[in-house]
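Visitor: I am new to this structure, and I would like to hear how its terms are justified. Could you take me through them?

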Amino acid sequence: MRVCVIGTGYVGLVTGACLAYIGHDVICVDNNEEKVKLMKSGQSPIHEPGLPEVISESIRQGKIEFTTDIAAGVNHGEVLFIAVGTPSLPDGRSDMRYVEAVARSIGESLTEGYRVIVNKSTVPIGSGDWVRMIVLDGMAGKKNIDQIQFDVVSNPEFLREGVAVYDTFNPDRIVVGSGSDRALQLMQDLYQPIIDRSFAEDKTLPPVPVVVTDLNSAEMIKYAANAFLATKISFVNEVANICDRVGADVKEVAKGIGLDSRIGSKFLQAGIGWGGSCFGKDVSALIYTAEDYGYSTEILKACVRVNELQRTLVVEKLQQALKILKGKTIGLLGMTFKPDTDDMRDAPSLTLIDQLSRLGARVKAYDPLVSQSGLRQGFSNVIVETDLERLADGCDAVVLVTDWQEFLAIDYAKMLTLMAHPVIIDARNFLDGKALEALGYKYIGIGR
Ligand code: NAD
Ligand code: UDX
């Protein structure tokens, strides 16, 4: 099938490259010329494991092209994905200006024939009908308007950064919302190789469940899924804070409750709180949508509040261990909001850097990706070190902020010899506390 993906960020590029890899003819459109240039040369503008291989193989097979020309993409595609950002506005609502601009351009660019316009971006409930209206606005004045037909479909994305290619080939489900049988059939055809698990790690599994529903319910599914996951983490963080006070270990508690199949073991890792480009903005958008309809969401507001408090916990633990933080040197292990990504959007490390520098501490950080990239220069109030020795040198405490696998392999004995004080705060409960204590560290976890 002929596919156009507009917006080649973490979602659009992975979607476009994976659809090309499974055999579709894909044109990816972005208005960022630098990005398009990079992608044309076979490189990925984002760090995502497996993505460079998928892109270069798709280019080699002649299945993918990159352009800034939206009209070329729109004329090529039978299925047109909108995958641009929907960040939070200052009041917490979704900023829909990028979706609006793309929908209008689609309307202006449509020539003739039938198209399925797919909202892949996470958009407020009711946006499907709104996109239809904007596309029609864009078409206004065209002479051949009766030869142009389209349907709008909601097809929310559930991939996680850091494992986005894996998630695309091995989804738990595919959600498609539309009132049009013709559009639903095209979406089914598009995803058939993924539904059949032809590119899955385990090909013996039953087909991927497809949830076919109406537009509004599909849009709501996306928000409800992210809100539930964020709430699950806030819940376990609250349990961790009780554990801290009563002398229980939240890792043991999470194991014990997670084995109950009604609860499940995933998303029960207590720590510094959730971050990233999705949870915060999506929970907040759902809170505001509910408010627009006269409903106050008490659980979701508490979910956000607990997360805000959780981000201050590390500073409290540092104050307990070191007392005055003014003039102290704190080293951060990890900066990205989670491992295996270069994404710094709403990363807990940024809140921590801000809080510590306001208290007069000197903050240094080392991150496997940020330290080695051009991103390194872009931060204030933190010295981004290029290696672990420089990070540890003179630190009064080290805080593990991101659970990068390679932090398990650090020579912690050597690190100790470089530090001024032997304090380590494990803000992800990731390290072996007993082994670190045996080396002479004062090990402080979250809720253990
Ligand atoms: P992103 O910011 O990484 O990428 C957006 C891209 O769109 C950028 O490359 C930008 O240059 C491009 N763009 C903006 N306006 C454009 C225009 N008019 N024409 C062409 N290109 C344009 O965003 P993202 O993280 O990929 O998120 C995209 C959407 O997917 C959001 O709604 C987000 O909520 C949703 N989502 C994201 C994730 C995730 O893990 N990042 C997961 C699921 C859903
Ligand atoms: C999330 C959703 O999982 C995904 O389905 C959606 O499409 C986009 O948003 P992502 O933000 O990429 O994905 O990462 P995720 O693995 O969900 O982690 C989000 C945040 O929660 C990270 O900061 C992570 O460190 C934190 N987290 C996750 C915890 O603190 N504890 C956990 O148990 C799991």
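Guide: Domain bounds come from an automatic or database domain assignment, and for this chain that assignment gives domain 1 (2-213) and domain 2 (236-448). This is a predicted model, in which local features need pLDDT of at least 70 and side-chain atom pairs count only at pLDDT 80 or more, while totals for chains, interfaces and linings use all residues. Residues are numbered from 1 along each chain as its sequence is written, and chains are lettered from A and ligands numbered from 1 in the order in which they are written.

Visitor: What makes domain 1 and domain 2 count as in contact?

Guide: Two residues are in contact if their C-beta atoms, placed from the backbone, lie within 7 Å; 14 residues of domain 1 meet 15 residues of domain 2 in this way.

Visitor: Why is ligand 2 said to lie between domain 1 and domain 2?

Guide: A residue is near a molecule if its C-beta atom, placed from the backbone, lies within 6 Å of it, and 19 residues surround ligand 2, with Glu 161 and Gln 269 among the closest. Domain 1 and domain 2 both contribute to this shell, so ligand 2 lies between them.

Visitor: Why are β11 and β14 called edge strands?

Guide: Strands are DSSP runs (E, at least two residues), numbered from the N terminus, and two of them pair if DSSP finds at least two bridges between them. In the open six-stranded sheet, ordered β11-β10-β9-β12-β13-β14 with parallel pairing, β11 (383-384) and β14 (442-444) each pair on one side only, as edge strands do.

Visitor: How do you know that β10 pairs with β11?

Guide: Two bridges join strand β10 (residues 362-366) to β11, which meets the requirement of at least two.

Note on methods:
Helix = DSSP H or I, 4+ residues; strand = E, 2+ residues; numbered from the N terminus.
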